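Please open the model in your viewer and keep the sequence panel beside it. The stops below each begin with something to select, followed by what can be found there.

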Amino acid sequence: MESECIFCRIVDGEVPSVRVYEDGEHLAFLDANPRSEGHVLAIPKEHITTLDELGDEEIAKLFVVVKRVAEALKERMGAEGYNVVSNNGEIAGQVIPHVHIHVVPRYAAQESRAGFESVLPVDRKAKSRLEEVGARLKIQ
Ligand code: AMP
Ligand code: ZN
């Protein structure tokens with residue numbers, strides 16, 4: 001049965017992509033709307049929606065792929081840094097509901113030095129409640 005998920009269709013080769021890495025369980029390919037040259041998406045081949053739904057071993061392996069991509073971006077593309085971003089859930093801006101890690105190379109020639117903090121401004125209320133939230137969130 002043909003999948004409705006575009007990333008599953010990329011995995012199956014039904015939708016074209018520029019692949020930069022592949023193994024039995026993962027694929028990394030160029031984002032079709034790159035934020036910079038060499039913007040890569042790393043995905044597990046299995047259709048899983050968000051990071052927290054991945055098993056511990058699966059997530060570790062996915063991030064090894066992210067590391068390989070980052071190494072290649074530095075060595076082959078001359079990236080001096082990179083952003084690793086993953087949007088999880090519609091409210092977080094996830095458009096494609098198949099878990100993916102953006103690896104966005106950064107170059108000296110780029111004007112902006114903006115990092116993750118540019119995504120959302122500081123939440124003043126959250127800033128005033130750090131201790132309370134920390135206690136609530138503590139993972140044993
Ligand atoms: P997100 O907002 O994290 O779900 O981002 C989804 C990303 O997938 C966007 O950066 C899109 O440019 C990218 N994208 C969507 N369709 C394709 C496609 N067919 N091939 C490559 N990248 C895609
Ligand atoms: Zn999928």
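In which loop is the place of T50? Select T50 in this predicted model, and you will find it in the loop between β3 and α2.

**First stop: T50 and its surroundings**

With T50 still selected, colour by accessibility: the residue has a relative accessible area of 11%, and because buried means under 20%, T50 counts as buried. Next, show the residues that T50 touches; leaving aside those up to four places away in sequence, these are N88, G89, Q94 and V99. Add D52 to the selection as well, since the side chains of T50 and D52 are joined by a polar contact of 2.8 Å. If you then place a distance label between the C-alpha atoms of T50 and A109, which are 59 residues apart along the chain, the separation is 33 Å.

**Second stop: the zinc ion**

Select the zinc ion (ligand 2) and display its protein donors, which are the SG atoms of C5 and C8 together with the ND1 atoms of H47 and H98, at 2.0 to 2.3 Å from the ion. The angles among the four donor atoms run from 107 to 120°, and the site is tetrahedral. For comparison, the ideal angle for four tetrahedral donors is 109.5 degrees. Along the sequence, the donor residues follow the spacing C-x2-C-x38-H-x50-H. C5 lies in the segment before α1 (6–12), whereas H98 sits in the loop between β4 (81–85) and β5 (101–106), so this pair ties together parts of the chain that are 93 residues apart in sequence. Are C5 and H98 buried or exposed? C5, at 10% relative accessibility, counts as buried, and H98, with a relative accessible area of 0%, is buried too.

**Third stop: the sheet and helix α2**

Now switch to a cartoon view and select the five strands, which form an open sheet in the order β1-β2-β3-β5-β4 with antiparallel pairing. β1 (19–22) and β4 stand at the edges with a single partner strand each, so one side of each is left without a neighbour in the sheet. From one strand to the next, the twist averages 20°.

Within this sheet, select β3 (residues 40–44) and β5, an antiparallel pair joined by three bridges; L41 has H102 in β5 as its bridge partner. Finally, select helix α2 (residues 56–77), which packs on the sheet and touches β1, β2 (26–30), β3, β4 and β5, while its direction makes about 20° with that of β5.

Terms used. Residues are numbered from 1 along each chain as its sequence is written. Chains are lettered from A and ligands numbered from 1 in the order in which they are written. This is a predicted model: local features need pLDDT of at least 70, side-chain atom pairs count only at pLDDT 80 or more; totals for chains, interfaces and linings use all residues. Side-chain values use heavy atoms; hydrogens and water are left out. Donors are N, O and S atoms within 2.8 Å of the metal (3.2 Å for Na, K and Ca); water is not among the atoms, so sites may look incomplete. Four donors count as tetrahedral if all angles lie between 85 and 135 degrees; four count as square planar and six as octahedral if opposite donors are over 155 degrees apart and all others between 65 and 115; anything else is irregular. Helices (H or I, at least four residues) and strands (E, at least two) are DSSP runs, numbered from the N terminus. Buried means under 20% relative accessible area, exposed over 50%, partly exposed in between (1.4 Å probe, protein chains only). Two strands pair if DSSP finds at least two bridges between them. Axes are lines fitted to C-alpha atoms, for helices over the stretch in contact, and angles run from 0 to 180 degrees between N-to-C directions. Contact means heavy atoms within 4.5 Å. A polar contact is a pair of N or O atoms within 3.5 Å; within protein, one must be able to donate a hydrogen and the other to accept it, and residues adjacent in sequence count only if both atoms are side-chain atoms.
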